[in-house]
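This report looks at selected features of one protein model, taking a strand residue, a group of aromatic rings and a pocket in turn. The sequence and the structure are shown here for reference.

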Amino acid sequence: MLIKTQVPKLDEVLDGGIQSKSNVLIFSDPEIKGLQFLHQLIYNFLQSGYKVAYLTNNKKPAILKHFFKEYDWNVSKFEKNKKFMIINLFDKASKKIDINALHQEIKDSINKLPPNTVLVIDSLSSFIDIYGTDNESLNIANHIIENSKNLTTITLFTSWSYKRSIINK
């Protein structure tokens, strides 16, 4: 099944949309507004009837909702209907909790999601900034992918000033 992004040129390039139960990486340079693009996709998915779970590790849920409001995208109505869920890892990630506890929190959160949910991760680069450029950050990403097999996963990565070896991983 294809999930249309409702961005005509993107759907054309993707041969009709994003394949459900796939993993998509949005790779963005800092000068490009990857977050705004991600938010547009989320709102388009919600408008099309999809359930979206937004895993945030770099902003509080209130700030996230404010970003949507800036574009006059009201996510509250979707939240009330349980179509839009926020998985708040900001408080834990910002305190750099034990990596095993973080893995468990992610697994528990993902396991509570209904099948066919679009899981959005904001952001892989924040995991790298918090947990370092060794394998811990990539282990978090792999852990999310392993635990979200029944979901479509879209991950935002902003390529700040990371070494090429980190980006290639």
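## Strand residues and their contacts

Not counting residues up to four places away in sequence, I86 touches Y54, T56, P61, L64, K65 and E79. The model is a predicted one, and in it I86 is found in strand β5, which covers residues 84–88. The C-alpha atom of I86 is separated by 14 Å from that of I154, although the two residues stand 68 residues apart along the chain.

A second strand residue, T155, is found in β7, and when its neighbours within four places in sequence are left aside, T155 is in contact with V24, L25, I26, I121 and L124. T155 has a relative accessible area of 15% and is therefore buried, since the cut-off for that class is under 20%.

## Aromatic rings

How many aromatic pairs does a search of the whole structure find? The search finds 7, and two of the pairs, both of which include W73, are set out below.

| Pair | Centre to centre | Angle between planes | Arrangement |
|---|---|---|---|
| Y43 and W73 | 5.6 Å | 15 degrees | stacked |
| F68 and W73 | 6.5 Å | 55 degrees | tilted |

The pair of Y43 and W73 links distant parts of the chain, with Y43 in helix α2 and W73 in the loop between α3 (61–70) and α4 (76–80), 30 residues apart. Both Y43 and W73 are buried. For W73 the relative accessibility is 18%, so this residue counts as buried under the 20% cut-off, while F68, at 0% relative accessibility, also counts as buried. Ring pairs link Y43, F68, W73 and three further residues, Y71, F78 and F84, into a cluster.

## The second largest pocket

The second largest pocket has a volume of about 250 Å³ and is lined by 19 residues, of which L35, N58, L156, T158 and W160 lie nearest its centre. At least two residues of this lining are supplied by each of three elements, namely α2 (34–47), α7 (124–131) and β7 (152–158). Helix α2 is also where Y43 of the stacked ring pair is located, and strand β7 is the one in which T155 is found. Which classes of residue make up the lining of the second largest pocket? By class, the lining has 8 polar, 6 charged and 5 nonpolar residues.

Key: Residues numbered from 1 in each chain as written. Predicted model: local features only at pLDDT ≥ 70, side-chain atom pairs only at ≥ 80, totals over all residues. Heavy atoms only, no water. 1 Å grid on protein atoms, 1.4 Å probe; cavity = no way out; pocket = protein on both sides within 12 Å on 5 of 7 lines; lining within 4 Å. Points joined across faces, edges and corners; volume = space filled by probe spheres on them. Helix = DSSP H or I, 4+ residues; strand = E, 2+ residues; numbered from the N terminus. Nonpolar A, V, L, I, M, F, W, Y, C, P; charged D, E, K, R; others polar. Buried < 20%, exposed > 50% of the residue type's maximum accessible area, 1.4 Å probe, protein only. Contact = heavy atoms within 4.5 Å. Phe/Tyr/Trp six-rings, centres within 6.5 Å; stacked < 30°, edge-to-face > 60°.
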